Amino acid sequence: MKTELKRDLSSRQIQMIALGGTIGVALFMGASSTIKWTGPSVLISYMIAGIFVFLIMRALGEMVYTYPETGSFAKFATEYIHPSFGYITASSSIFNWIVVGMSEVIAVGTYMKFWWPDLPIWIPGLIAVIILLSANLISVKWFGEFEFWFALIKVITIILMIVAGLGIIIFGFGNGFNPVGITNLWSNGGFFTNGFSGFFFSLSIVFGSYVGIELIGTTAGEAKDPQTTIKKSVNSVVYRILIFYIGSIFIIVSVYPWDEISSLGSPFVLTFAKVGITAAAAIINFVVITAAMSGCNSGIFSTSRLLYTLAEQDQAPRIFKKVNKNGVPHYAVIAVCSGIVGGVVLSIVLPLILGKDTNLFVYVYSAGVIPGFVPWFAILLSHIGFRKKEQIKDHPFKMPFAPYSNIITVIMLLAVVIGMLFNPDTRISAFIGLGFVILNTSYILIKTKRAPAKQPEIETTSQDF
């Protein structure tokens, strides 16, 4: 029985995988909700979240540079916090990515309505799952190439959108050469439209939109040159994401009055449709479909590898440790895709229960945010333990201002969780996510108490690189 993964991912593929996991429906579709809650000040939300996410990635980068292991943040939690926390971290990330995958197949169906208004959401959603399942089963190398081009399409499109948006704002391209300007930033209710509460509520989706950046750690075990790749990826991906998010949101809230943006559909499409560029709107709609599939694709990869890691530690069925002739944990991939099919079911059931005008994306996506934060908590706390235990002098990739930056970031994440519980639009979903974390934690603590698990040691594998 083969149980070893292949190191077939290049640096360019890993960077695009990380981008693919974070630049997805949370930006293209979730932006409409955050803009509705707080108006143009959502720009500051993305800036604040970006700073804290950068600190999280530097903490992970310091540890992964030393021990480039597949499913690394879960193994770090096992080693530096508690054996049970490794399971909690991995399983929470799995839950988050399955939920995100559900929201993304819902998004694919929603975007398709741009061309076929009467097409049921579940049909294109199911087709998307089948395509991604096939791509992930072929091989790691082909998955990486598939994801590279998926991510590249949306990255180029966002850059072109920013350039075109600046043309609209400054020169009035597509608007009769009447410059739109940036007055929309402070018109229609001001910059902080709904005050502090709206700004605070927006942080949940904004922070949630960055969930997935830790994929860099998950892919380390399948990188050809992990230490060089991780260092380069951590340093470059974060600022690129900040540019893409802040730049694109700036264009949206400048070109399109924030109070006219519908809570349903993509504001990217609405922005170009607003100025009469209907062909561009169709192109953008195609791109956001590929963006949703890209994010889901990255999630399938990440989650299947975490299942593989849990199986290695005897915390998941051993069948998930099996790999096919191409070095892919195929049973884990099939299991994850089966879970994502739940999004297809929800796209049928939820409108019947909650009404046709329900924002399915926010309801489904929000349920995964709190479990998605668990790996971040694990990274920050593990890093404190890592520093105390390893005491590596002259580390070439240290996290700045640790451990104070760790503590401040943990406090910020806790504040965001509290905000979700008070926000009527995310409260129910937040309780679902929080309930999963509590039940999952209780399960593993009871299991560990009855039969103490052997704590696996992290070993360097530099001889394999």
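**Confidence, core packing and cysteines in a predicted model**

The chain has a mean pLDDT of 80 (pLDDT is the predictor's confidence in each residue, from 0 to 100), and 83% of its residues reach 70 or more. The structure is a predicted model: local features need pLDDT of at least 70, side-chain atom pairs count only at pLDDT 80 or more, and totals for chains, interfaces and linings use all residues. Residues are numbered from 1 along each chain as its sequence is written, and side-chain values use heavy atoms, with hydrogens and water left out. Over residues 455-465, pLDDT stays under 50. The model has 25 contacts (heavy atoms within 4.5 Å) beyond four places in sequence for this segment.

The largest nonpolar core (buried Ala, Val, Leu, Ile, Met, Phe, Trp, Tyr and Cys residues joined through side-chain atoms within 4.5 Å) has 127 residues. Helix 6 (residues 83-112) supplies the largest share, 15 residues. Phe-207, Tyr-210 and Trp-376 are among the residues with the most contacts inside the core. Beyond four places in sequence, Trp-376 contacts residues including Phe-207, Tyr-210 and Leu-413.

Val-364 lies in helix 15, residues 360-366 (helices are DSSP runs of H or I, at least four residues, numbered from the N terminus). Val-364 is buried (under 20% relative accessible area), at 5%. Its contacts beyond four places in sequence include Val-99, Met-102 and Leu-346. Gly-101 is 263 residues from Val-364 in sequence, yet their C-alpha atoms are 9.6 Å apart.

The disulfide count (cysteine sulfur pairs within 2.5 Å) is 0. The sulfur of Cys-296 has its closest cysteine sulfur in Cys-337, at 7.0 Å, too far for a bond. Cys-296 is buried at 3% relative accessible area. Cys-337 is also buried, at 3%.

Terms used
Helix = DSSP H or I, 4+ residues; strand = E, 2+ residues; numbered from the N terminus. Buried < 20%, exposed > 50% of the residue type's maximum accessible area, 1.4 Å probe, protein only.
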